[in-house]
Every structure is written in structure tokens, then in C-alpha cells.
Amino acid sequence: MHQLRLLQKCHGAYRRLSSSANTGPLEILGAHHPTDSFTNVGPSILSKIPLRLHTQPGHPLSTLRSIIESHFPTYSHLSSFSPLVTPFKNFDELSFPKDHPGRSPTDSYYINKNLMLRTHTSAHEVDVFGRGEDKWLLTADVYRRDEIDASHYPVFHQMEGARLFSADKASMKELEEDNEYLERVLEKSNIIIEDIPHISPSNPVQETHDPVHAELVAKNLKLSLNSLILRLFGGAASNAEPLRVRWIEAYFPFTSPSFEVEVFFRGKWLEILGCGVVIQSTLDTASMFYSCSSFFLSTGFYTLYIDVKNKIGWAFGLGLERIAMILYSIPDIRLFWSTDERFLSQFKPGDITTTFKAYSKFPSCFKDVSFWNAVAAPLHENDFCDLVRDVAGDLVEDVKMIDSFVHPKTNRSSTCYRINYRSMDRSLSNEEVNELQKVVVARLIDEFRVEIR
Ligand code: PHE
């Protein structure tokens with residue numbers, strides 16, 4: 001998934017030279033936060049924070065959340081965690097290396113050096129395990145600086161799910177029985193699953209784990225998710241081709257072994273989730289929190305203490321927009337933010353069989369901008385996209401780099417981007433688009449000191 005993809009990306013160290021966003025304190029969810037040289041959130045992102053689409057009744061993301069929650073009825077269902085977290089929670093607590101590219105301000109949104117917008121729901125794993133929760137789902141809005149196209153939006157929604165087991169004989173026996181039951185149910189389904197070994201040299205068991213236990217837990221993870229996938233997509237595949245699902249090896253700093261799941265839908269493999277066996281240090285940290293808080297809560301007669309340390313478990317994180325786009329045939333991720341009744345009225349609570357009917361496709365209008373970069377490191381694409389999103393909001397459909405080269409003599413680099421403007425609800429006039437483009441160009445010069453060609 002994204003955190004994995006980030007590892008493979010190349011990152012410029014470029015930082016904004018000035019920004020209207022980082023002048024004074026920022027008011028977010030009723031509190032004031034100081035800004036500093038790390039601040040890179042603008043009004044367009046800040047305006048999304050209070051919306052919490054995953055909790056809005058009737059919204060397709062909220063409907064999908066309820067459907068998944070009802071598939072795991074015995075789990076705690078959490079959805080009110082604040083998106084403001086420390087980089088420590090988002091990264092360090094989950095064993096991200098210090099030089100992980102996801103930490104860069106080109107990839108993540110910072111309020112200031114010590115406060116950021118979570119990039120994934122895994123940021124709450126330690127807190128939730130630390131409360132002593134063994135089976136839980138947590139849904140939340142997450143924020144990432146990224147490219148702009150029909151399936152990428154800087155704010156999206158994830159659901160984290162996790163289950164812990166006691167690493168003793170009796171619990172492992174129960175787990176084995178649970179696995180057998182789930183296997184029997186799946187055998188009767190119309191779903192074709194391309195599997196890989198639960199554990200392999202490139203996807204290893206953790207040192208502190210009994211390989212037999214880790215194998216059972218990884219198997220339970222796969223069976224639990226396969227049955228969820230069948231529940232969600234089984235209907236779509238029932239009269240036609242059987243549903244195809246494939247498991248692939250992955251890497252996350254906070255799970256081992258780790259996997260990703262892709263579903264074959266409309267001729268393409270689509271990645272829908274990342275998951276794995278929780279790294280033991282996450283549970284060790286959670287256990288410390290739990291024993292500290294229970295010490296303070298203790299009445300003097302007894303101390304609450306759950307030893308998360310002697311547990312083993314799995315976790316997954318799935319992208320709700322991705323799944324909803326597949327389920328309901330929603331063609332553009334911006335639609336989730338639409339307040340247009342023509343969009344919202346198409347989804348009925350609890351329904352996963354709706355097929356979205358486009359009310360209209362309004363004409364698009366593209367504008368190019370080419371410039372010489374100011375410094376040796378070229379302007380990062382995510383910085384460019386963020387600026388465009390800040391100016392044009394949801395009127396921008398996609399942004400593509402169409403040319404880039406380095407002048408052989410002067411060594412200066414030049415880049416050309418094509419911005420495609422299109423509204424989801426109305427026709428845009430050429431004048432309106434020209435105005436937007438003018439502001440993009442002016443801010444490019446002002447904030448990144450580029451020279452327009
Ligand atoms: N947090 C990961 C991501 O956003 C997904 C994940 C969750 C992976 C839980 C493993 C376990 O890419």
C-alpha cells in the first residue's frame with residue numbers, strides 16, 4: 001500500500017520558500033496550534049477535517065463502514081479518534097526507520113514539527129491495544145500529499161482492524177477450530193483465491209514468535225479477510241465470472257509476515273488493503289501503556305492488568321474509497337466530497353448493490369504551465385499538486401507532468417505540468433479556469449521562486 005510505495009519513491013528535499021499557510025497559529029477542531037517551518041497544510045485540507053464523511057448517515061463511506069462493522073459484530077467499533085497525532089505516534093511507535101520517506105513534508109501534512117495529520121489508521125494501534133481491546137475496528141480520515149487523479153485525493157478514509165490471541169495452547173486450539181470453520185464456509189463460495197505461503201524467507205516469522213502460532217494467526221487473518229471480501233464483492237461476481245482475489249507479499253515496518261490483497265475487477269488488479277502479523281514491539285509498547293494506566297486506576301485492592309505482551313495477533317488497514325468505488329462503480333474519488341443531492345440520494349443505508357449513475361459529465365478544460373526550477377532540486381510533484389488543490393479545490397480533475405529536462409549547459413531543470421480542470425456538477429467557463437490558472441502561476445512564482453517559460 002501507500003506506505004510501502006513510499007519506500008520506493010525518490011524524494012527531493014525541497015521545501016516551500018514561503019506560504020500563506022504558515023504565518024500564525026492554526027485553529028483546528030477548536031484548538032490553536034503554533035506553526036513553524038514544517039507547516040504545510042493549507043485551507044483546502046483544513047476545511048476537510050471537521051467533515052468526517054465516514055460518520056455522516058447515508059454517505060456511501062459511512063454505509064460501507066457499517067456493513068464491514070456488521071461483518072465483525074463482536075469487535076469494538078471505534079470512529080472518533082482525532083486526526084492530529086505526533087510524528088512519534090504515526091511513525092516511531094510503529095517502528096518506522098528514522099529515514100523513512102513517508103516522514104518527509106513532501107509526503108505528509110504537518111501542522112508543525114511536533115504535530116501532523118495521521119497518514120494511516122495504524123497510528124492508533126498502540127493506543128487501542130493499550131486499552132486492552134482484543135478485537136477492534138477503527139475508521140478514520142487519513143491525509144497524504146500525493147498526485148492528483150481519479151483515484152487519489154489528499155484526504156481519504158481507512159479502516160484498521162485487529163485481533164489478538166493469547167499465545168497459549170487452549171487459545172491456539174480454539175483458533176485452529178475457528179480457522180477450520182472459516183475454511184469450510186469459503187469452500188462453498190464462488191471466489192477464486194490465489195494464495196502465497198503464510199510465512200517464507202522473504203516474509204519471515206518474527207523471532208519472538210512460535211512459527212506454529214504465527215502460521216495459525218496469519219491463516220486466520222487471510223480467512224477473515226477473504227470472508228469479508230466475499231461478503232462485499234461476492235454479489236457482484238455471482239451471476240458472471242467468479243471473483244478473483246490474490247494475496248501478495250508486502251513490507252510494512254509494523255507487521256511480519258506482511259501482505260497486500262488485490263481484487264480483479266473490470267479487467268484490472270486493484271489493491272484494496274495491507275495487513276500482517278503485528279510486530280511484537282507494538283504490543284510491548286501497548287502493554288507498557290496499559291500497565292501504567294491500570295496502575296493509576298488501581299483501587300489498592302487489585303490492579304487491572306492485561307498482558308498484551310503474551311499475545312499474538314493480526315492487523316489490517318483497508319481503503320474505504322477504493323472499495324466503495326469498486327462496489328458502487330463510482331468513477332472519480334472527488335465525488336465522495338460532493339454535497340450534490342444527485343450524488344448523495346443514490347445511496348441507501350445498508351445497500352451494497354447500488355450502481356452509481358453519472359448525472360452528467362461536464363466538459364473539461366486543460367491548461368499547461370512550464371517553468372525553470374529555482375534551485376538544484378526540482379519542485380516536488382506533491383508540492384505542485386498541493387498548490388493546485390489549494391487554489392482550485394475539487395475543480396481539478398488531474399495533474400500530469402508532461403515534460404521535464406535539464407539544460408545541458410546551465411544545468412537548470414525545467415518542468416511542464418498539464419492541469420485538467422473539470423467540475424463534477426456544472427460547466428466551467430474558460431474565464432473562470434483562466435482566473436484559477438493565473439492564481440496557480442502567481443503562487444508558483446511567489447512560493448517556489450520558479451521562472452515561468
Ligand atoms: N497502515 C498501512 C497503510 O496505510 C496498512 C496496514 C495496516 C498494514 C495494518 C499492515 C497492518 O498502508
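1. Let's start at the beginning of helix α6, which covers residues 169-187. In this predicted model, a side-chain oxygen of aspartate 168 comes to within 3.3 Å of the backbone nitrogen of alanine 170, right at the start of α6. The helix has 19 residues and reaches 27 Å from its first C-alpha to its last, close to the 27 Å expected at 1.5 Å a residue.

2. Stay with α6 for a moment and look at its two sides. Ser171, Met172, Leu175, Asn179, Leu182 and Leu186 are buried. These residues cover an arc of only 95 degrees around the axis, so they sit on the same side of α6. An α-helix has 3.6 residues a turn, so residues three or four places apart point the same way. On the other side of α6 you will find Lys169, Ala170, Glu174 and Glu187, which are exposed.

3. Helix α9 (residues 320-328) is another one to click on, as it is mostly covered, with eight of its nine residues buried. Among them are Leu320, Ile323, Met325 and Leu327, and Glu321 is on the buried list too. Just after α9 comes serine 329, which has a positive phi near 55 degrees.

4. Next, a strand worth tracing: β16, residues 413-421. Eight of its nine residues are buried, so the rest of the structure largely encloses β16. Strand β14 (residues 365-372) runs antiparallel to β16, and eight bridges join the two. If you want a landmark in that pairing, valine 369 has tyrosine 417 of β16 as its bridge partner.

5. β16 also pairs with strand β15 (residues 396-406), again in the antiparallel sense, over nine bridges. Here valine 396 stands opposite tyrosine 421 of β16. The hairpin of β15 and β16 has six residues between the strands, and asparagine 411 takes a positive phi near 70 degrees there.

6. Now for the charged pairs: the salt bridges in the model come to 26. One of them is within a helix. Arginine 65 and glutamate 69 both belong to helix α3 (residues 60-71) and are four residues apart, about one turn of the helix. Their closest N and O atoms are 3.1 Å apart, and both arginine 65 and glutamate 69 are buried.

7. A second salt bridge joins the side chains of arginine 422 and glutamate 397, at 2.7 Å from N to O. Arginine 422 is in the loop between β16 and α12 (430-448), while glutamate 397 is in strand β15, so this pair ties together parts that are 25 residues apart in sequence. Both arginine 422 and glutamate 397 are buried.

8. A third salt bridge, between arginine 412 and glutamate 451, has its closest N and O atoms 3.0 Å apart. Arginine 412 lies in the loop between β15 and β16 and glutamate 451 in strand β17 (residues 451-452), so the pair ties together parts that are 39 residues apart in sequence. Arginine 412 is partly exposed, with a relative accessible area of 31%, and glutamate 451 also counts as partly exposed, at 41% relative accessibility.

9. One last thing to look at is a network: salt bridges that share partners join Asp332, Arg334, Glu397 and Arg422. Glu397 and Arg422 are the pair from point 7, where their side chains meet in a salt bridge.

Technical notes:
Residues numbered from 1 in each chain as written. Predicted model: local features only at pLDDT ≥ 70, side-chain atom pairs only at ≥ 80, totals over all residues. Heavy atoms only, no water. Buried < 20%, exposed > 50% of the residue type's maximum accessible area, 1.4 Å probe, protein only. Pairing = 2+ DSSP bridges. Salt bridge = Lys/Arg side-chain N within 4 Å of Asp/Glu carboxyl O. Expected span 1.5 Å × (residues − 1). Arc of directions from axis to C-beta. Polar contact = N/O pair within 3.5 Å; in protein donor to acceptor, adjacent residues only side chain to side chain.
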